[in-house]
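Dear colleague,

I am handing over the structure you asked about, and below it you will find my notes on what turned up. Please keep it open beside this message while you read.

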Amino acid sequence: MIHVALLGFGVVGSGTAEVLTQNKSIIERKVGQPVSIKYILDLRDFPDSPFADRIVHDFNIIVNDPEVSVVAEMMGGSHPAYDFTLACLKAGKSVVTSNKEVVANFGTELLTIAKENGVSYLFEASVGGGIPIIRPLREDLSSNNVTAISGILNGTTNYILTRMDNEGASFADVLKDAQRLGYAEANPAADVEGLDAARKIAILAAMAFGKRLNPNEILCEGITSVTAADSELAKEMGYAIKLIGYTTRMNGRILAMVSPRLVSRYNPIHGVNDVNNGILVNADMVGQVMFYGPGAGKLPTASAVAGDLIDVMAHTPAGVISPVWVDAEPDQIADPETYVCRHLVVLDAPKSAEAEISAHLDLNAPHFTEGRFSFITEELSEAEVKAKIAEVGYPLITRIRVL
Ligand code: HSE
């Protein structure tokens, strides 16, 4: 019998208990022995839950119980989730998690501690909800040099952008729906301001390139300034606006960034809508592969947590090999100002300004509506596009990078 403890009984925690119960027989066949949820740690009581008798409020009961060999951390937030994870790993318990904040901020240390203690630290559910992406990067694609990863990594913002696009729905109403459906973070600012996606692209960059960038220091722009007019314009030009996490290597340095991007209808992630995530991995041997599916939500995320639990339990006591990475040194990190791409520029300018503006910038797909002069530039760095817009002199309404 393997005894598991769950830390957190919110959306993902309760989903994981449900998966372990509903699919008990499949899971036990794969693990090779019975599996029991011995404890569930939460601040609250759940008197009406079938798991009411497993609820505990004191973490020490779990960390001090030698029968518990595997712990799933689904508390969210950095503290005490990080502290509890560290204590479990030091006590010789493997930990699996959906907590991207802890993995992105403290993953280097936690992976090292796991290795020193001969246990596993796995986090498939931390990126892409139910989509397999961490394990494929670690195993199936491990013979490749990854050249770039671009992805829709946040279900909440993709759900919001899709509904704004399809229905012209208001940002606030759609966000409320995303919260009700259990997609949004406890503080949805992390979703709409891009930090959740920044944590996820930092994890993917670490998996791809072996170096962790601080998610709080990468270029991060959310969707709060994207308007219905921008969305409409993008559609007319054959694009969709998506919040994109992007990582690549530039002259040996790692670039990671999150921002709204125009995605062409010819790009396979153009059609990734609603709560779904879509992740494109470009690598030298395989070419391009896409990972697609539900990026948030109770059972999809719990499915990924349970997959890691099964992996660990099937390999206990030997342990699964955890991913390995180190923190990036400052001179290994690319300056996003030097990143080159095309840009959608919307200026507050009359149609008659076309000749004047084209003296400074290539105007691809020029478009004019109600005092908004829009076009797509040639490939320019941040510094170049800012300088050229300043030279043109008309007020900038919007600038959105093209993927
Ligand atoms: N708030 C996150 C999202 C949850 O919307 O993608 C899944 O990580």
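To begin with a single residue, N251 sits in the loop that joins β10 (239–250) to β11 (253–264). Please bear in mind throughout that this is a predicted model. Although N251 is not a glycine, its phi is positive, at about 50°. That deserves a second look, because most residues other than glycine have a negative phi, and most peptide bonds are trans. The second half of that statement has its own exception here, since the peptide bond from H79 to P80 is cis, with omega near 10°. P80 belongs to the loop between β4 (68–73) and α4 (81–90).

Turning to the whole protein, the chain is divided into domain 1 (2–129 + 298–327), domain 2 (135–295) and domain 3 (339–402). As you can see from these ranges, domain 1 is written as two stretches of sequence, 2–129 and 298–327. The C-alpha centres of domain 1 and domain 2 are 26 Å apart, and where these two domains meet, 26 residues of domain 1 are in contact with 23 residues of domain 2. Between them they bury about 1,900 Å², and 56% of that area is on carbon and sulfur atoms.

What holds charged and polar groups together across this interface can also be listed, with seven salt bridges found between domain 1 and domain 2, and 13 residue pairs in polar contact, both residues being at pLDDT 80 or more. On the side of domain 1 that touches domain 2, the elements that give two or more residues are α5 (100–116), α12 (298–315) and β14 (326–327). Of these, α5 provides the largest share, six residues. The residues on this side of domain 1 divide into 13 nonpolar, seven polar and six charged.

One pair is worth finding on your screen: the side chains of K100 and E185 form a salt bridge, with 2.8 Å from N to O. Both K100 and E185 are also among the residues around the ligand, a group that includes N154, Y183, D191 and K200 as well. Which atoms of the ligand are approached by polar side-chain atoms of K100, N154 and D191? For K100, the partner is an oxygen atom of the ligand at 2.6 Å, and for N154, an oxygen atom of the ligand lies 3.5 Å from an N or O atom of the side chain. In the case of D191, a nitrogen atom of the ligand is 2.8 Å from a side-chain N or O atom.

With best wishes

Methods. Residues are numbered from 1 along each chain as its sequence is written. This is a predicted model: local features need pLDDT of at least 70, side-chain atom pairs count only at pLDDT 80 or more; totals for chains, interfaces and linings use all residues. Side-chain values use heavy atoms; hydrogens and water are left out. Domain bounds come from an automatic or database domain assignment. Contact means heavy atoms within 4.5 Å. Buried area is the accessible area (1.4 Å probe) that two parts lose on being put together, summed over both. A salt bridge is a side-chain nitrogen of Lys or Arg within 4 Å of a carboxyl oxygen of Asp or Glu. A polar contact is a pair of N or O atoms within 3.5 Å; within protein, one must be able to donate a hydrogen and the other to accept it, and residues adjacent in sequence count only if both atoms are side-chain atoms. Helices (H or I, at least four residues) and strands (E, at least two) are DSSP runs, numbered from the N terminus. Ala, Val, Leu, Ile, Met, Phe, Trp, Tyr, Cys and Pro count as nonpolar, Asp, Glu, Lys and Arg as charged, and the others, Gly among them, as polar. A residue is near a molecule or strand if one of its heavy atoms lies within 4 Å of it.
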